[in-house]
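Thank you all for coming, and please have the sequence and the model open while I talk. I would like to go slowly through a handful of places in it.

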Amino acid sequence: MKVSLSWLKDYVNVDMNSIALADALTMAGLEVEKVLNRYDYLDGVVLARIKKITPHPNADRLNLCSVDAGETILQIVCGADNIKEGMLVPLALPGARLSGGHKIKRSKIRGEKSDGMLCSELELGLGLGQKGIMSLDPGLAEGAKLAEALLLSDILFEIDLTPNRSDCLSIIGIAREIAAFGGTKIKYPESSFSNTENFESDTNIDSMISVVVKAPLQCPRYAAMIFENISVSHSPPWIQERLVSIGVKPVNNIVDITNFVMFETGQPLHAFDLNMLNGSKIIVDMAKDGEPFTSLDNKERHLSSDMLMICDAEKPVAIAGIMGGLNTEISEGTTRVLLESACFDPVTIRRTAKTLGLNTESSHRFERGVDPKGTLTALNRAARLISEIEGSRLVQGVIDIGQGDFDPLPVDLSVDYTNALLGVNLKQSEIENLLNSIEFKVEKNGTRNLLVTPPSFRVDIKRPADLVEEVARLWGYDNIPLTNPPVPAADNLTSTWVEARYRIKKIISGFGYYEAITYSFIDERASDFFSFHRDGEKRDSIDILNPLTKDQGVMRRSLIPGLLETVHYNISQQEKNISIFEIGKKFISGNSAELPEENEVLTCLQTGVAISSTWNVKGVDSDFYDIKGVAEGLFSALKIDGANKELRPVFTRLPDELCTYTRPGYTARILIKGELFGIVGQVASSLLDIYGIKQPVFVLEIDIQKLYPIIPDSVLTLPVSRFPAVTRDVTMIVGVNIEAASILEKINKADMDLIQAVELFDVFQGDEVSFDKKSISFRITYRSDTGTLEDDLINRMHKKVVSLLLEEFDGALP
């Protein structure tokens, strides 16, 4: 927010320089981002006296002016018709930048050089913007800087307010803060107003307009006045000056007064051309879905039923709290004005502004909350100013719908709680004085408590912690003693899980995967794919109450949707070979009112080619076994394989009915000790269609929250056997649905210490084998640590293994 020092001084005495004031405001919680002199842009403008005027030899409407700029005589080409010899004028020298940002350059105009530009009030951004060359007091000295000669100096503060401080979105709000830390009193402008005095109109407002509020929750208060015999023209110079000081362009007297009062008090107002309102009625109601409306910026917008509108008897005339309609705009022909001052629901205004992409000074204030008791105060302030327009008449009476108790509730504040929270030792009286300085009503409630009632403009004060914050900033953050937290002498050990997470990231990155970070909010359509938990139980989605967009309406039940968004984006950028992973939390709703489960998972996605084509190598597309290999590599790197047979991961087919987001028949479960640790498979095409992905995508999901506890802290090493290994192959015919993993697991769990390794090396289905059978071949490695194995022992042991398998899996030898 921009605040002019000269405007501030209308309401509060400021006895500190601009830098000190900026520091004081910042320490009071109102961060000053910039301190500027409004007239810095006039630094390159000096006073010059016109010595001689001669016609331009190559242009009928231009003149050559010889001007005295103090230390030198310059030639300036000028086309203004009000210049004359001896006239003292502003001269913008080369390099000067005027109010519109235009940079002055030395140039040639129709063959004649011009060493600058003689300026009008409009070009300098001064006065009422007269177009002719500005005429200055002839007694001023040539060469003097214009800003210094005219005593032009005004400091502009740019303040970054936190969303809770809506009370400071006004000049008076900032002045109130200055008065508090400066120990002075604020001078409020006169706002009390009797609308029957000094006016000749005998008409009462109730006979001219009626107001119906059909949405009282969205509009708790609505007030209005009517003015007749209005003459729309320029506003008084002092109002224009105040608006220009904060960068607001004057429009006309009615619009300028509503803007002036809004920036002065923080209460937005809106003026309607009463002659353009049909049916002598104002209706505050929700819009109709799809209803078109043309706002003051001349853009047609389509409304929805959650938007609050101001309507007459036939049509909408304003988007409540945001912008008026073109159909009731104040124009030069306006003679009767309905002036509105209201209090609107912040959530409704913010939602409408975001949906329409229409952010205004008015919506900015209503979104943060305005003073409900200030509605009539601002209306009366504007009425006083409009009454000064010559010939205007204020119709008797005021409409005020929603009159009621807008008094804030008192908050009980403990002195001990305040001191404990801030680390200070303030007395009850000191806290009372601090809060009194910002117009809080404070009553003692015993010796160690205060009953504090905030003023109505402090809509952000609801609880004791809010009051403690006020005490802290008023007491001064610099006055709160600095204390260091106790640090134990021993170094804190890094969490084992933190180290394990880092190891997992490093391992997966080593496989050529890139880490991604995605939102925890996803599209509800994608969330439906994950509605069934892996235990087969259906879980409800966790909805976001105020989603940023419709595509981020629910909490993620899987990391897959966010990663698929990333895959889609990369494919759209012609990057089709993608390997990415993320470690993050998914949110599973509980079966009661308890908080949702938050499980940390690792999710990897791979798509495109696994091996790129080169001159001597044919490209290979990614498939199920590539990403399964990543899982096996991860377990191997974490030492969760081999040494402890009980913790050896087993990959087994996931039943088709549980493949809600993966392709049936192409998905495996990862089991450790019979417990589900994750899945690996191909993403279902129906899920890919949501993201517009046309190529196969493979996924690996591991519940690393379960994985952390079984990662060994140390590695068990065994000496390498000095004796040779012996291998034997076994080929057997089994049912087509028998999984190789189950056969491998059976061999590994066989009570035979001499089996060192088992490897699947061939699977065959074809004409030579029955359609419901398959041929599967394994290579078993035998080795002893104590001696060389003899063939007879190996053959007997191998025969035992084969017999075990044939019996267990109803197999046959080929």
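I will take cysteines, then helices, then some single residues in strands and loops.

Before that, a word on what we are looking at: this is a predicted model, in which local features need pLDDT of at least 70 and side-chain atom pairs count only at pLDDT 80 or more, while totals for chains, interfaces and linings use all residues. Residues are numbered from 1 along each chain as its sequence is written, and side-chain values use heavy atoms, with hydrogens and water left out.

Let me begin with the cysteines. How many disulfides does a search of the whole structure find? The search finds zero, where a disulfide is taken as a pair of cysteine sulfur atoms within 2.5 Å. Cysteine 604 is in no disulfide, and its nearest cysteine sulfur, that of cysteine 659, is 19 Å away. Seen from the other side, the sulfur of cysteine 659 has its closest cysteine sulfur in cysteine 604, and the 19 Å between them is too far for a bond. Cysteine 604 counts as buried because its relative accessibility is 0%, and cysteine 659 is likewise buried, at 10%; here buried means under 20% relative accessible area, exposed means over 50%, and partly exposed is in between, with a 1.4 Å probe and protein chains only.

Now to the helices, and a word on how they are assigned: helices (H or I, at least four residues) and strands (E, at least two) are DSSP runs, numbered from the N terminus. Two packed helices are described by the angle between their axes and the distance between the axes. For helix 11, residues 415–422, and helix 13, residues 464–475, that angle is about 65° and the axes are 10 Å apart; axes are lines fitted to C-alpha atoms, for helices over the stretch in contact, and angles run from 0 to 180 degrees between N-to-C directions. On the helix 11 side the contact is made by Tyr417, Thr418, Leu421 and Leu422, and on the helix 13 side by Pro464, Ala465, Val468, Val471 and Ala472, with contact meaning heavy atoms within 4.5 Å. These residues divide into eight nonpolar, one polar and no charged, where Ala, Val, Leu, Ile, Met, Phe, Trp, Tyr, Cys and Pro count as nonpolar, Asp, Glu, Lys and Arg as charged, and the others, Gly among them, as polar.

Helix 9, residues 361–368, has Ser362, Ser363, Arg365, Phe366 and Glu367 as its buried residues, and these pack against helix 7 (253–265), strand 20 (337–343) and helix 8 (346–356). After helix 9 comes glycine 369, whose phi is positive, near 100°. In helix 17, residues 624–637, we find lysine 628, which is buried because its relative accessible area is 17%. Not counting residues up to four places away in sequence, lysine 628 touches Phe651 and Val680.

Next come two residues in strands. Is threonine 662, in strand 34 (residues 662–672), buried or exposed? Threonine 662 is buried, with a relative accessible area of 2%. Its C-alpha lies 5.5 Å from that of glutamine 682, although the two are 20 residues apart in sequence. The side chains of threonine 662 and threonine 667 are joined by a polar contact of 3.0 Å, that is, a pair of N or O atoms within 3.5 Å, of which, within protein, one must be able to donate a hydrogen and the other to accept it, and residues adjacent in sequence count only if both atoms are side-chain atoms.

Aspartate 729, in strand 37 (residues 726–735), is partly exposed, with a relative accessible area of 41%. Leaving aside neighbours within four places in sequence, aspartate 729 is in contact with Phe761, Phe778, Arg779 and His798, and its side chain makes a polar contact of 2.9 Å with the side chain of arginine 779.

Lastly, the loops. Arginine 110, between strand 7 (107–109) and strand 8 (112–114), has a positive phi near 55° in a residue other than glycine, and counts as exposed at 55% relative accessibility. Asparagine 229 lies in the loop between strand 12 (221–228) and helix 6 (237–245); its phi is also positive, near 55°, and at 39% relative accessibility asparagine 229 counts as partly exposed.
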